[in-house]
Amino acid sequence: MERNRWSRNLHRQASLVFVVIVLFDAVVAALGTPPEWLFFLPLIPLAVLLVTGGHLFALPYRQRSRRATA
Ligand code: HEM
């Protein structure tokens, strides 16, 4: 249960970081020619979102199969 709460919190926080970086990238791109690495920056929180999101997605199925075997 503790791990579920942990991954949900991390997912929520990473989604905020992701949105802020994307908005920041958009503003910098609108102002001039941004360095290329700026567009790779959102991939860091997106990777966290993918892992924690995958975990959150699997939770109900894992709980169901655990209940069925118990
Ligand atoms: C990268 C792939 C992603 C996957 C596989 C994924 C998957 C999920 C899953 C399975 C849930 C739980 C839904 C439930 O409660 O049953 C969730 C919740 C959520 N996702 Fe994602 N997600 C992804 C990306 C994102 C992105 C890009 C954002 C926003 C920028 C985002 C924001 C959220 C938020 C705010 C919640 C609710 C968290 C909470 O309950 O407090 N996710 N996501």
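Which element contributes the largest share of the shell around the ligand? In this predicted model, that share comes from helix α2, which supplies seven residues. In total, 13 residues surround the ligand. The closest of them are Ser15, Leu49, Gly53, Leu56 and Phe57. Two elements, α1 (2-31) and α2 (43-69), each give two or more residues to this shell. Sorted by class, the shell consists of seven nonpolar, four polar and two charged residues.

The secondary structure of the protein chain amounts to two helices, with zero strands. The C-alpha trace extends over about 60 × 15 × 15 Å along its principal axes. The radius of gyration of the protein chain is 17 Å, whereas a compact globule of 70 residues would have a value near 11 Å. Burial is correspondingly scarce in the count: 3% of the 70 residues of the protein chain are classed as buried. Among contacts with a separation of 6 or more, 71% join residues that lie 24 or more positions apart.

Helix α1 has 30 residues, and its end C-alpha atoms are 44 Å apart. This agrees with expectation, because 30 residues at 1.5 Å a residue should span 44 Å. The helix is hardly covered, with one buried residue among its 30. Gln13 is located in α1. The residue counts as partly exposed because 13 other C-beta atoms lie within 10 Å, a number above the limit of 12 for an exposed residue and below the 20 required for a buried one. Gln13 is separated from Leu49 by 36 residues in sequence, while the C-alpha atoms of Gln13 and Leu49 are 9.2 Å apart in space. Leu49 is also one of the closest residues to the ligand.

Helix α2 has 27 residues, and the distance from its first C-alpha to its last is 38 Å. The expected value at 1.5 Å a residue is 39 Å, to which the span of α2 is close. A kink of about 40° is located at Leu59 in α2, shortly before the proline Pro60. Like the preceding helix, α2 is hardly covered: one of its 27 residues is buried.

Arg62 also belongs to helix α2. With 11 other C-beta atoms within 10 Å, Arg62 is exposed, because a residue with 12 or fewer such neighbours is placed in that class. Arg62 and Leu41 are 21 residues apart along the chain, and their C-alpha atoms are separated by 32 Å.

Taken together, the protein chain is made up of two helices without strands, and both α1 and α2 contribute to the shell around the ligand. Nonpolar residues account for seven members of that shell.

Key
Residues are numbered from 1 along each chain as its sequence is written. This is a predicted model: local features need pLDDT of at least 70, side-chain atom pairs count only at pLDDT 80 or more; totals for chains, interfaces and linings use all residues. A residue is near a molecule or strand if its C-beta atom, placed from the backbone, lies within 6 Å of it. Helices (H or I, at least four residues) and strands (E, at least two) are DSSP runs, numbered from the N terminus. Ala, Val, Leu, Ile, Met, Phe, Trp, Tyr, Cys and Pro count as nonpolar, Asp, Glu, Lys and Arg as charged, and the others, Gly among them, as polar. The radius of gyration is taken over C-alpha atoms; the globule rule is 2.2 Å times the number of residues to the power 0.38. Two residues are in contact if their C-beta atoms, placed from the backbone, lie within 7 Å. The expected span of a helix is 1.5 Å times one less than its number of residues. The bend at a residue is the angle between axes fitted to the seven residues ending there and the seven starting there.
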